[in-house]
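Good morning, and thank you for joining this session. I shall walk through one structure, with the sequence and the coordinates on the screen beside me. Please keep both in view as we proceed.

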Amino acid sequence: MEETREHWGNKLGFILAAAGSAVGLGNIWKFPYITGENGGAAFIIIYLLCILLIGLPVLIAEILLGRYAQKGPISTFRNYAKRHKKIWMAAGALFFLTGFIILGYYNVIAGWSMGYVFESLSGHIAGFSSSGDAALHFQKLVSNPLWILFWHFVFVATGGLVVYFGVKNGIERIARLLMPIFFLILIFLVIWGISLDSNGKGLAFLFKPDWSTISFKTVLIALGHAFFTLSVGMGVLLTYGSYLDKNDNILFCGSMIVVLDTLIALMAGLAIFTSVFGMGFNPAEGPGLVFNVLPAVFSMMPGGSLFSLLFFTLLSIAALTSTISILEMLVSTLLDETRFSRHHIVIVVSALIFILGIPAALSFGSWSNIRLFDRTMFDIMDYLSANILLPLGGLLIAVFVAWVMKKSTVLNELYRGISENRGLCRTGNVWFFLLKFVAPVLIVLVFLSITGII
Ligand code: PHE
């Protein structure tokens with residue numbers, strides 16, 4: 001018996017929820033620090049190319065596949081793979097696994113940002129006299145297992161609560177409420193940051209490329225990040241797409257999500273680098289950039305407590321709307337595959353994620369010595385998911401939609417709800433070409449380059 005699948009209230013609800021998924025720690029925590037580590041503007045250009053040539057086409061394919069199948073990843077592959085069903089279902093299972101890994105470490109950073117909201121409220125954040133003090137404070141907090149596990153728990157529970165209420169009443173409602181607040185805070189911080197960057201160093205770092213900093217490894221990082229920041233390659237957007245109305249325009253929705261995500265990453269970069277350079281700090285600080293440099297920057301500003309409160313609220317909102325999207329993918333997969341209720345599934349999955357996150361959470365303190373290939377558990381989860389599993393997932397989606405499904409079926413699904421004309425058909429064909437040839441070839445090339453084969 002077919003149960004009726006929940007759907008978004010309307011197209012805007014979908015765009016906000018999907019943009020909420022895309023815009024996350026990736027944009028505000030990760031993008032600035034990897035840009036800082038990889039030389040600034042030249043890296044940004046490569047990242048934008050990856051978004052345009054690979055991320056956008058695969059994102060549209062993923063949403064399309066979800067809407068077409070009206071199911072989560074495993075069932076989608078089971079129902080529509082004509083041959084090699086088992087292999088395709090394993091691909092669906094890989095998406096599921098990737099979701100767990102990402103959530104395990106993502107919630108840890110999200111927990112830090114929530115913890116920093118409270119640190120800001122209690123006046124601990126804006127009183128540092130040097131960046132060393134701010135870094136020390138950060139170090140003290142993240143090496144305290146109680147602090148880190150408490151906030152990890154609070155964050156997992158908050159995400160679980162939203163997903164517990166379902167697609168329309170939980171996820172869509174939260175996205176509608178939080179995304180506009182998010183945007184307003186960000187605009188405010190950008191304007192403030194630019195006013196600090198009196199000699200334009202921050203702007204130059206972001207917009208004047210220095211190509212000598214680029215290597216194949218940089219390209220891999222840019223590619224991995226393109227997938228990560230768009231939430232593409234693990235079935236999250238497939239799941240969100242499966243709640244989409246048959247008559248909503250996927251090309252438009254997909255492009256909106258990508259534009260919003262990219263815009264917000266650049267705005268976050270602007271806000272952060274103008275402040276960091278304006279106050280004379282180092283941009284290549286690594287994962288701690290927003291936690292141990294920004295508080296020092298805030299300390300030097302008038303009204304710093306307010307800015308730190310705003311900033312970490314922004315970060316927490318972004319993280320929450322992303323967390324819930326991954327959680328929803330996991331929950332909806334289990335809803336498809338088992339007979340348990342949403343409520344039970346949410347509770348069990350959240351508990352598992354909390355447990356899985358513990359090694360990542362402790363990587364900054366008591367477990368910092370437990371290493372594999374010289375990486376902590378946290379680093380391994382981050383590297384494996386963002387640089388390997390997501391691009392691999394993206395490759396699988398591109399291959400499935402462009403090579404396994406019939407082109408006419410795919411284009412029919414793409415054109416649903418849009419009045420067909422020549423311009424549209426041309427756009428559809430360009431998209432299909434990018435999906436069928438350009439994206440897979442580029443992904444494989446980047447993979448080969450890291451294995452050292454080319
Ligand atoms: N896109 C999110 C971010 O930028 C992270 C994410 C990855 C969410 C994969 C869902 C799926 O923070």
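**Cysteines**

I begin with Cys50, which is buried, at a relative accessible area of 9%. Cys253 forms no disulfide, and the nearest cysteine sulfur, belonging to Cys425, is 19 Å away. Cys253 is buried as well, with a relative accessible area of 0%. A search through the whole structure returns zero disulfides. I should state at this point that the model is a predicted one.

**The nonpolar core**

Let me turn to the interior. The largest nonpolar core holds 165 residues, and those touching the most other members are Phe14, Phe291, Phe311, Val401 and Trp431. Helix H5, residues 85-121, makes the greatest contribution to this core, with 17 residues.

Which residues does Phe311 touch, not counting residues up to four places away in sequence? They are Ile28, Leu189, Ile272, Val290, Leu294 and Phe298.

**The ligand and its surroundings**

I move now to the ligand. There are 15 residues around the ligand, and Ala22, Leu25, Gly26, Tyr106 and Phe228 come nearest.

For those who think in terms of atom pairs, three distances deserve a place on the slide. A nitrogen atom of the ligand lies 3.2 Å from a backbone N or O atom of Ser21. An oxygen atom of the ligand lies 3.0 Å from a backbone N or O atom of Ala22. With Ser231 the pairing involves the side chain, where an N or O atom is 3.0 Å from a nitrogen atom of the ligand. How much of the 330 Å² that the ligand exposes when taken alone does the protein bury? The protein buries 100% of that area.

Ser231 merits a further remark on its backbone. Its phi is positive, at about 65°, although Ser231 is not a glycine. Ser231 sits in the loop that runs between helix H10 (216-230) and helix H11 (236-241). Is Ser231 buried or exposed? Ser231 counts as buried, because its relative accessibility is 11% and the cut-off for buried is under 20%.

**Lys30 and Ala386**

The next pair of residues can be taken together. Lys30 belongs to helix H2, residues 25-37, and Ala386 belongs to helix H16, residues 377-404. Lys30 counts as buried, at 6% relative accessibility. Ala386 is also buried, at 0%.

What does the side chain of Lys30 meet in a polar contact? The partner is the side chain of Asp382, at 3.1 Å. Leaving out residues up to four places away in sequence, Lys30 touches Leu25, His225, Phe228, Asp382 and Ala386. By the same exclusion, Ala386 touches Lys30, Gly224, Phe228 and Pro391. Phe228 thus appears in the contact list of Lys30 and in that of Ala386, and Phe228 is also among the residues that come nearest to the ligand. The C-alpha atoms of Ala386 and Phe216 are 170 residues apart along the chain and 16 Å apart in space.

**Tyr80 and His84**

Tyr80 is found in helix H4, residues 73-80. Tyr80 is partly exposed, with a relative accessible area of 27%. With neighbours within four places in sequence set aside, its contacts are Tyr68, Ala69, Phe400 and Val404. The C-alpha atoms of Tyr80 and Tyr68 are separated by 9.9 Å, and the two residues stand twelve apart along the chain.

His84 lies in the loop between H4 and H5. Its phi is near 50°, a positive value in a residue other than glycine.

**Two exposed loop positions**

I close with two loop residues. Asn199 is located in the loop between helix H8 (167-196) and helix H9 (201-207), and Asn199 is exposed, with a relative accessible area of 54%. Its C-alpha atom is 39 Å from that of Phe155, which is 44 residues away along the chain.

Ser366 occupies the loop between helix H15 (342-362) and strand S1 (371-372). Ser366 is exposed, at a relative accessible area of 52%. How far apart are the C-alpha atoms of Ser366 and Val142? They are separated by 9.8 Å, with their positions 224 residues apart along the chain.

That concludes the presentation, and I welcome discussion.

Key. Residues are numbered from 1 along each chain as its sequence is written. This is a predicted model: local features need pLDDT of at least 70, side-chain atom pairs count only at pLDDT 80 or more; totals for chains, interfaces and linings use all residues. Side-chain values use heavy atoms; hydrogens and water are left out. A nonpolar core is a set of buried Ala, Val, Leu, Ile, Met, Phe, Trp, Tyr and Cys residues joined through side-chain atoms within 4.5 Å. Buried means under 20% relative accessible area, exposed over 50%, partly exposed in between (1.4 Å probe, protein chains only). Helices (H or I, at least four residues) and strands (E, at least two) are DSSP runs, numbered from the N terminus. Contact means heavy atoms within 4.5 Å. A residue is near a molecule or strand if one of its heavy atoms lies within 4 Å of it. A polar contact is a pair of N or O atoms within 3.5 Å; within protein, one must be able to donate a hydrogen and the other to accept it, and residues adjacent in sequence count only if both atoms are side-chain atoms. Accessible areas come from the Shrake-Rupley method with a 1.4 Å probe; for residues, only the protein chains shown count as cover. A disulfide is a pair of cysteine sulfur atoms within 2.5 Å.
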